[in-house]
Amino acid sequence: MSVDGRTILEKIWNPHACFVNSKLANIHSSPFKNIFLQIYSNGSIWHNYRIKLTGPCSNTLRTFPIDQQRCMLFYESFNHNHEQVEMEWIDTVPPITIMKGNITLPDYVLVDFSASSELRLYPPGIFNELIATFTFQRLYGFYILQVRTTFDKDIYVHFSAHSFEISSQTTFLAIDVWILSSMAFIFASLIELAVVGYLSRNGRHASIKCVFRQICKHLRL
């Protein structure tokens, strides 16, 4: 039997479960609060919320811009510990269902999601916790194209700006290694071009004369 969840839910006992690590959570109200409540003949109760939730993500940027970010949501009872309320994922259907086929954000795409559970110790006791983990892959094509365009415009200005950026950071990112490697390759190509031009201008079997005697003597030139 389906009833009005907005009024009936406050009159019956519930475990007061919530996402304990959420930064912001609101129940949709279009045009009324989206709370579904169903009571079965055996006394079981199923209630469902349609909410908008903002949660934290672990920003690990060591492999930027080809990095993956994990966002985890922890769902548990706020008032009752494990001895009073035991929470577990449903086993008859997949615990997490993505309603939309392909979830793509401006900079990320959802590549994986999983469900798990654990017991967490708090001062009031041990609480049963459900964990939903979402893994996002960064769309790095824009960053590679942006860096390449900057190289073509002004490599020297970009090199100076990036040197200042590296000095202000404590760790190298993957894009830092890629940029420095590209700059080293370009610089080596310029040196190669200069050497080949010099040798071609002075003949095929031209040799480089040693100017500094001490260095020549040490190298036996």
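Does Thr 135 count as buried or exposed, and at what relative accessibility? Thr 135 counts as buried because its relative accessibility is 11%, where buried means under 20% relative accessible area, exposed over 50%, and partly exposed in between (1.4 Å probe, protein chains only). We will come back to this residue after a look at the whole chain.

A word on the ground rules helps here. This is a predicted model, in which local features need pLDDT of at least 70 and side-chain atom pairs count only at pLDDT 80 or more, while totals for chains, interfaces and linings use all residues. Residues are numbered from 1 along each chain as its sequence is written, and side-chain values use heavy atoms, with hydrogens and water left out.

The chain holds 5 helices and 10 strands; these are DSSP runs numbered from the N terminus, helices being H or I with at least four residues and strands being E with at least two. Of its 221 residues, 23% are buried. About 16,900 Å² of the chain is exposed, and carbon and sulfur atoms supply 60% of that area (Shrake-Rupley method with a 1.4 Å probe; for residues, only the protein chains shown count as cover). If you take the contacts (heavy atoms within 4.5 Å) between residues at least 6 apart in sequence, 68% of them join residues at least 24 apart.

A good place to start is the pairing of strand 9 (residues 108–122) with strand 10 (residues 125–138), which run antiparallel and are joined by 14 bridges. Two strands are said to pair if DSSP finds at least two bridges between them. Strand 9 and strand 10 form a hairpin, with 2 residues between them. Along this pairing, Phe 113 stands opposite Phe 134 in strand 10.

Thr 135, our opening residue, also lies in strand 10. Its C-alpha atom is separated by 6.0 Å from that of Leu 110, although the two residues are 25 apart along the chain. Leaving aside residues up to four places away in sequence, Thr 135 touches Val 109, Leu 110, Val 111 and Asp 112, and also Gln 68, Gln 69 and Arg 70.

Next come the charges. Side chains of opposite charge can pair when their charged atoms come close. A salt bridge here is a side-chain nitrogen of Lys or Arg within 4 Å of a carboxyl oxygen of Asp or Glu, and by this rule the count comes to 3. One of them joins Arg 138 to Asp 67, with the closest N and O atoms 2.6 Å apart. This pair links distant parts of the chain, 71 residues apart: Arg 138 is in strand 10, and Asp 67 is in the loop between strand 7 (57–58) and strand 8. Both Arg 138 and Asp 67 are buried.

Arg 120 takes part in a network of salt bridges with Glu 118 and Glu 129. Its side chain meets that of Glu 118 at 2.6 Å, N to O, and that of Glu 129 at 2.8 Å, N to O. The surroundings of these residues can be read from their relative accessible areas: Arg 120 is partly exposed at 28%, Glu 118 is partly exposed at 32%, and Glu 129 counts as buried at 1%.

What, then, of Glu 76, which lies in strand 8 (residues 68–77)? Glu 76 is buried yet has no salt bridge, and the nearest side chain of opposite charge, Arg 120, is 4.9 Å away. For this purpose Lys and Arg count as positive and Asp and Glu as negative, while His and the chain ends are not counted. The side chain of Glu 76 does make a polar contact with that of Tyr 122, at 3.3 Å. A polar contact is a pair of N or O atoms within 3.5 Å; within protein, one must be able to donate a hydrogen and the other to accept it, and residues adjacent in sequence count only if both atoms are side-chain atoms. Among the residues that Glu 76 touches are His 16, Met 87, Phe 127 and Glu 129.

His 16 deserves a look of its own. This residue is found in the loop between helix 1 (5–8) and strand 2 (17–19), and its phi is near 55 degrees, a positive value in a residue other than glycine. Most residues other than glycine have a negative phi. His 16 is partly exposed, with a relative accessible area of 41%.
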